[in-house]
Amino acid sequence: MKKFTKLMAVLLCAALIAVCFAGCSGSGDDKAENPLIVGYYAGDDAYFALDGEGKATGVFGEIVNYAYENYLSGTYDALQFVEMTDDTVLGGDKQPLLAVGKLQKHQDANDRLYGWTQTILENRVIAVAPAGSNASSFNDLSGRSVMTVGDVAAAAMANNSAVANLPASVTTAQLDAALSALRGGTTDFVLVDEMTFYTSDQSDSFTVLEPVLDTQEFAIQVADDEWDLLQTLNEAVHDMLTNTDNGDTLTPAVEKAFGYDAVSDAIRDYVVLVEN
């Protein structure tokens, strides 16, 4: 009977612990009285991820860590991370004040409800030609053969009829096949987004035309009434790029994640507001 009683007590304790932690998908200091709650979208570690110890990684993870350590630790006493769901709302008690991940500006109905930092990363749709090509504009696609790589480039082409109607033929291919065709002369141009193109170790062997067909903009989403937080995040990102003591710490992280410098001019040229 005593063994049975002890067993029931252990099971009861286990059940209580499970109830206490049910539904908890966050990471960070759960005992903090005034945490900065950060919502995140999982799925692409280059943008954001949590490591085994619950520390934020990826480009936007490093930005959040830097902003907290250098700008926000006097206002908040900890960072907490919670995974975003369809029901998560930014702002309000015990809710995230910002969201990070592969978040593209102006592509969500929440644009009307939330604010955005300056564009931090850009993914441009470019035209690639063989090395030494004299092509300089999309007009050079007229009457030529074009291969598109990936959904981003295909959508950009579909949304720009003026360019879409120029080539004599448009086909689709995977990146390696398209670049091989370009090198072999069986296609004249490849249309591809930069984040795809620069995954290739052959990217330096081609000519990239100057014009851009479309641009995806990635940034941090902020609760609508958190203007000071939004401006602080802009300042923190700009500081990561221009800090004279530590040097540029953001660009190397971006180049490591994406294979090239995807940092936007908008955040590089950001003017920090100084209060009088």
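**Stop 1: aromatic pairs**

Select the Phe, Tyr and Trp rings: the structure holds 7 aromatic pairs. Rings of Phe, Tyr and Trp (its six-membered ring) pair if their centres lie within 6.5 Å; planes under 30 degrees apart are stacked, over 60 edge-to-face, and the rest tilted.

Pick Y47 and F218. Their pair is tilted, at 5.3 Å centre to centre with 55° between the planes. Y47 sits in the loop between β2 and β3 (49-50), and F218 in strand β12, so the pair ties together parts 171 residues apart in sequence. Helices (H or I, at least four residues) and strands (E, at least two) are DSSP runs, numbered from the N terminus.

Colour by accessibility next. Buried means under 20% relative accessible area, exposed over 50%, and partly exposed in between (1.4 Å probe, protein chains only). Y47 counts as buried, because its relative accessibility is 2%. F218 is buried too, at 1% relative accessibility.

Now pick F197 and Y198. This aromatic pair is edge-to-face, with 4.9 Å centre to centre and 70° between the planes. F197 is buried at 0% relative accessibility, whereas Y198, at 22%, is partly exposed.

A note before moving on. This is a predicted model, in which local features need pLDDT of at least 70 and side-chain atom pairs count only at pLDDT 80 or more, while totals for chains, interfaces and linings use all residues. Residues are numbered from 1 along each chain as its sequence is written, and side-chain values use heavy atoms, with hydrogens and water left out.

**Stop 2: F60 and the cores**

Return to Y47 and F218 and add F60 and F258: these four form one aromatic cluster. Centre on F60. Which residues is F60 in contact with, leaving aside its neighbours within four places in sequence? They are Y47, F48, V100, G101, I120, L121, F218, A219 and I220. Contact means heavy atoms within 4.5 Å.

Widen the selection to the largest nonpolar core. A nonpolar core is a set of buried Ala, Val, Leu, Ile, Met, Phe, Trp, Tyr and Cys residues joined through side-chain atoms within 4.5 Å. This one has 41 residues; L36, F60, I63, L98, V100, L121 and I220 touch the most other members. Two or more residues each come from β2 (35-40), α2 (58-72), β5 (78-83), β6 (98-100), α7 (227-242) and α8 (250-258). α2 gives the most, with 8 residues. A second, separate core has 15 residues, including A127, A153, F189 and L213.

**Stop 3: the five-stranded sheet**

Switch to cartoon. Find the open sheet of 5 strands, ordered β10-β9-β11-β8-β12, with mixed pairing. Two strands pair if DSSP finds at least two bridges between them. The edge strands, β10 (169-172) and β12 (206-218), each pair on one side only. Neighbouring strands are turned by 20° against each other on average, direction ignored.

Zoom in on β9 (residues 145-149) and β11 (residues 189-193). They pair in the parallel sense over 4 bridges. T148 has L191 in β11 as its bridge partner.

Show helix α3 (residues 150-158). It lies across β8 (121-130), β9, β10, β11 and β12, at about 130° to β9. Axes are lines fitted to C-alpha atoms, for helices over the stretch in contact, and angles run from 0 to 180 degrees between N-to-C directions.

**Stop 4: T187**

Select T187, in the loop between α5 (175-184) and β11. T187 is buried, at 4% relative accessibility. Not counting residues up to four places away in sequence, T187 touches S145, V146, M147, A178, A181 and L182. A polar atom of the T187 side chain lies 3.3 Å from the backbone oxygen of S145.

**Stop 5: two loops**

Jump to A223, in the loop between β13 (221-222) and α7. A223 is buried, with a relative accessible area of 3%. Draw a line from its C-alpha to that of G91: the two are 132 residues apart along the chain but separated by 5.1 Å. Leaving aside neighbours within four places in sequence, A223 is in contact with L90, G91, L97 and Y114.

Then go to K94, in the loop between β5 and β6. Is K94 buried or exposed? It is exposed, at 60% relative accessibility. Check the backbone as well: phi of K94 is near 60°, a positive value in a residue other than glycine.

**Last view: the whole chain**

Zoom out. The protein chain has 9 helices and 13 strands. Buried residues make up 43% of its 276 residues. Of the contacts with a separation of 6 or more, 76% join residues 24 or more positions apart.

Note on methods: Polar contact = N/O pair within 3.5 Å; in protein donor to acceptor, adjacent residues only side chain to side chain.
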